Structure formats: C-alpha cells, structure tokens
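Got your viewer open? Let's take a short walk through this molecule, one selection at a time.

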Amino acid sequence: MGVRLVMFNEQGRRRDFLLKDGATTIGRKTDCDIRIPVGEVSRLHAEVLADEDGATVRDLGASNGTYVNNQRITDEDLEPGDHLMIGPVVFVVQIDDEPGDDELLEIRSEIKTKQAAGGGGASVGTSEHVYSSDEEVDPIAALEALASSADQTAIEPEEEKGKRQP
C-alpha cells in the first residue's frame, strides 16, 4: 500500500513524502525519518505505522500534541484525505493515490478558505503560529531544505529521488 504525506507551502508548491513500510518517525531530532526543525515540534513527536492494510499515526508524548482533522489524538487510523498536523506543518494523507491530485488541491483550497473565514483549521503547509525562538524559522523552508539535502536518506520528496550522486 502506498502511503504519502503531502505538504503544500503558502505558494501552493507541493512536496510528497513516500512512507516506508513499518514505522516512520516525525520530530525535531536529526535521526527522525521526517525532521521538522522548529521548537513547536517535539524531538520525537509522532510516528506513522504503514503496512498493506493502511496507516496509523501515534503521538509519542509531544507536548504540543498531534492532530488529525483538527482533533488531538493519541493513536488514530489514517484515511485518504485526512489532515495530519505536526507543530506548524500540516500534511494531507494520500493512500494508494487517493485523494487524487485534483482533490488534493481542492482540500488545500477548502482549508485555506475556512481559515480565512475564521472557521478554524490550519492551512495545508503551515499554521498561523508565531515562532518564539532565538531565530525566526520558516518551517516549510527548513523542511524543504532538509528533504532535499544529501543527508536525507530515509524519506525524501518524490521529485528529488534519483538526482543525488551515490
């Protein structure tokens, strides 16, 4: 079963993270499979367990919590089109290419519209958090830089695969 976490930045640029079978860790630590280097993300924030039956996300005791469809969870089965929020980053869950590309854009647009109308919900890509760290960090730019770096081995955006020299 193909499970992807799809992220959009504010300009609508898409980044896909194809998950391996088994556990994928998400957090601030350098050895996490998906690293989000911002203070709102715990060192070991969450893990996604993917197998032939689907995917489940488990919060690993993150102080700011893990959210699926704007609900704080401890352990939750993921469905195609779910929104997974880890700190300021929101991913759309894609399983076996569902939702399709057109639907992903609709989901992104719907969330942004709800947010603009004050109906809650984070935008796909980033939330409206203000960062209170020593240095202002753009989480999307930081995540994109890490995802395309030569050090990223466990998970990388689809368009970066095969471009690196061994």
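Here are a few stops, starting with charged pairs and ending on the surface. Keep in mind that you're looking at a predicted model.

**Stop 1: a charged trio.** Side chains of opposite charge can pair when their charged atoms come close. Select Arg58 and Glu47: they form a salt bridge, with the closest N and O atoms 2.9 Å apart. Arginine 58 sits in strand β6 (residues 54-59) and glutamate 47 in strand β5 (residues 46-51), so this pair ties together parts that are 11 residues apart in sequence. Now add Asp75, which also forms a salt bridge with arginine 58, at 3.2 Å between the closest N and O atoms. This second pair links strand β9 to strand β6, 17 residues apart. Shared partners join Glu47, Arg58 and Asp75 into one network.

Is each partner buried or exposed? Glutamate 47 is buried, at 13% relative accessible area, while arginine 58 is partly exposed at 32% and aspartate 75 is partly exposed at 41%.

**Stop 2: another pair.** Pick Lys29 and Asp31, whose side chains meet in a salt bridge of 3.8 Å, N to O. The whole structure has 5 salt bridges.

**Stop 3: inside.** Select Leu78 in strand β9 (residues 75-78). Leucine 78 is buried, with just 4% relative accessible area. Show its surroundings and you'll find contacts including Val48, Val57, Val93 and Ile95.

**Stop 4: out on the surface.** Finish by selecting Asp96, Asp97, Glu98, Asp102, Glu103 and Glu106, which gather in a patch of negative charge. Asp97 lies in the loop between β11 (89-95) and α1 (101-116).

How values were computed. Residues are numbered from 1 along each chain as its sequence is written. This is a predicted model: local features need pLDDT of at least 70, side-chain atom pairs count only at pLDDT 80 or more; totals for chains, interfaces and linings use all residues. Side-chain values use heavy atoms; hydrogens and water are left out. Patches are made of residues with over 30% relative accessible area and no salt bridge: like charges are joined within 9 Å, nonpolar side chains (Val, Leu, Ile, Met, Phe, Trp, Tyr) within 5 Å. Accessible areas come from the Shrake-Rupley method with a 1.4 Å probe; for residues, only the protein chains shown count as cover. A salt bridge is a side-chain nitrogen of Lys or Arg within 4 Å of a carboxyl oxygen of Asp or Glu. Lys and Arg count as positive and Asp and Glu as negative; His and the chain ends are not counted. The place of a charge is taken as NZ of Lys, CZ of Arg, CG of Asp or CD of Glu. Helices (H or I, at least four residues) and strands (E, at least two) are DSSP runs, numbered from the N terminus. Buried means under 20% relative accessible area, exposed over 50%, partly exposed in between (1.4 Å probe, protein chains only). Contact means heavy atoms within 4.5 Å. Lists of a residue's contacts leave out its neighbours within four places in sequence.
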